[in-house]
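Q: I'm new to this structure and would like a close look at just one part of it. Please pick a stretch of the chain and walk me through its surroundings, step by step.

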Amino acid sequence: MIARLLLILSVSLSALCGVSLRAAEPVKILFDTDMTTDCDDAGAMAVLHALADRGECEILATVTSVPDPNALATVDAINRYRGRPDLPLGLVKEGGVKMPSKFTGRIAREFPHRVVSGSDFPDAVEVYREILTHQPDRSVVLVTVGYLTNVSRFLQSPGGMELARAKVTRWVCMGGNFIGDPPKDDLSLGNVNFQRDAASAHHAIHHWPGGNRLRRTRGLLGAERARDRFRPGRDAG
Ligand SMILES: [Ca+2]
């Protein structure tokens with residue numbers, strides 16, 4: 001199962017960054033991960049850094065969609081291990097999904113990182129805003145492989161909708177298992193990214209500016225024009 005997830009992530013992120021194979025500039029990516037329950041997030045970061053090493057993407061920031069400082073420490077440890085110790089970090093500062101992890105505590109203990117306390121780092125929404133404000137229009141790809149807590153809060157922050165509309169050229173969301181034609185999110189396949197913070201998932205998908213820039217891929221990644229098809233009150237647990 002994990003191997004399949006990694007393969008899907010690899011293919012999907014490669015497809016995402018494949019845009020840069022035909023372009024002169026690397027794809028600018030703002031990466032948002034829950035990095036708690038499943039180790040495929042670590043696999044996604046391995047692919048992300050490998051693509052950055054190849055010059056196919058530029059990692060602007062790595063944030064977590066959970067409040068657990070060990071999750072942030074794990075993200076920072078991976079960044080550091082892959083030679084990018086100074087990437088901006090952010091996390092959920094208030095509320096958010098809290099789940100136990102089988103691996104982040106050990107990584108936080110055994111690998112070097114900057115995270116002594118989560119209070120030393122900004123809220124992920126602040127990172128979204130800071131990064132996007134200083135990037136050219138329509139230049140950033142937002143990649144989320146966790147809960148949509150940050151996306152929803154970012155859209156509700158002052159000017160967030162305008163920043164999303166102006167700066168983000170595409171949002172690639174690992175969250176749905178959209179099956180069929182028209183696609184419907186099959187939650188029986190296990191879709192915790194939408195289920196555990198269903199209110200944020202509902203808000204983010206329904207309010208993201210420009211539904212045609214919310215990309216659906218087969219398998220575990222994404223949703224295109226999902227606003228009319230995803231009904232958390234009925235479909236999510
Ligand atoms: Ca995840």
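A: A quick word on names before we start: helices here are DSSP runs of H or I with at least four residues, strands are E runs of at least two, and both are numbered from the N terminus. Counted that way, the protein chain has ten helices and eight strands. Keep in mind that this is a predicted model.

Let's zoom in on strand 2, which covers residues 57-64. Is this strand buried or exposed, for the most part? For a single residue, buried means that 20 or more other C-beta atoms lie within 10 Å of its own. Six of the eight residues of strand 2 pass that test, so the strand is largely enclosed by the rest of the structure. For some background, 49% of the 237 residues in the protein chain count as buried.

Now for the neighbours. On one side there's strand 1 (residues 27-33), which runs parallel to strand 2 and is joined to it by seven bridges. If you'd like one pair to find on screen, go to T33, whose bridge partner in strand 2 is T64. To see how the two strands are linked, trace strand 1, helix 2 (residues 40-53) and strand 2: together they make a right-handed β-α-β unit.

Strand 2 has another parallel partner, strand 3 (residues 89-90), and that pairing has two bridges. Here, look for T62, which stands opposite L89 of strand 3. The chain gets from strand 2 to strand 3 by way of helix 3 (residues 69-81), and this β-α-β crossover is right-handed too. While you're looking at side chains, a handy rule: in a regular strand they alternate between the two faces of the sheet.

If you carry on past strand 3, you'll come to P100, in the loop between that strand and helix 4 (104-110). P100 has 9 C-beta neighbours inside 10 Å, so it counts as exposed. What lies 7.0 Å from P100, C-alpha to C-alpha? That's T36, although the two are 64 residues apart in sequence. Pairings across the sequence show up in the chain's contacts as well: among those between residues at least 6 apart, 80% join residues at least 24 apart.

To recap, strand 2 is largely enclosed, with strand 1 as one parallel partner and strand 3 as another.

Notes:
Residues are numbered from 1 along each chain as its sequence is written. This is a predicted model: local features need pLDDT of at least 70, side-chain atom pairs count only at pLDDT 80 or more; totals for chains, interfaces and linings use all residues. A residue is buried if 20 or more other C-beta atoms lie within 10 Å of its own, exposed if 12 or fewer, and partly exposed in between; C-beta atoms are placed from the backbone. Two strands pair if DSSP finds at least two bridges between them. A crossover is right-handed if, with the strands pointing away from the viewer, the path from the first strand over the helix to the second runs clockwise. Two residues are in contact if their C-beta atoms, placed from the backbone, lie within 7 Å.
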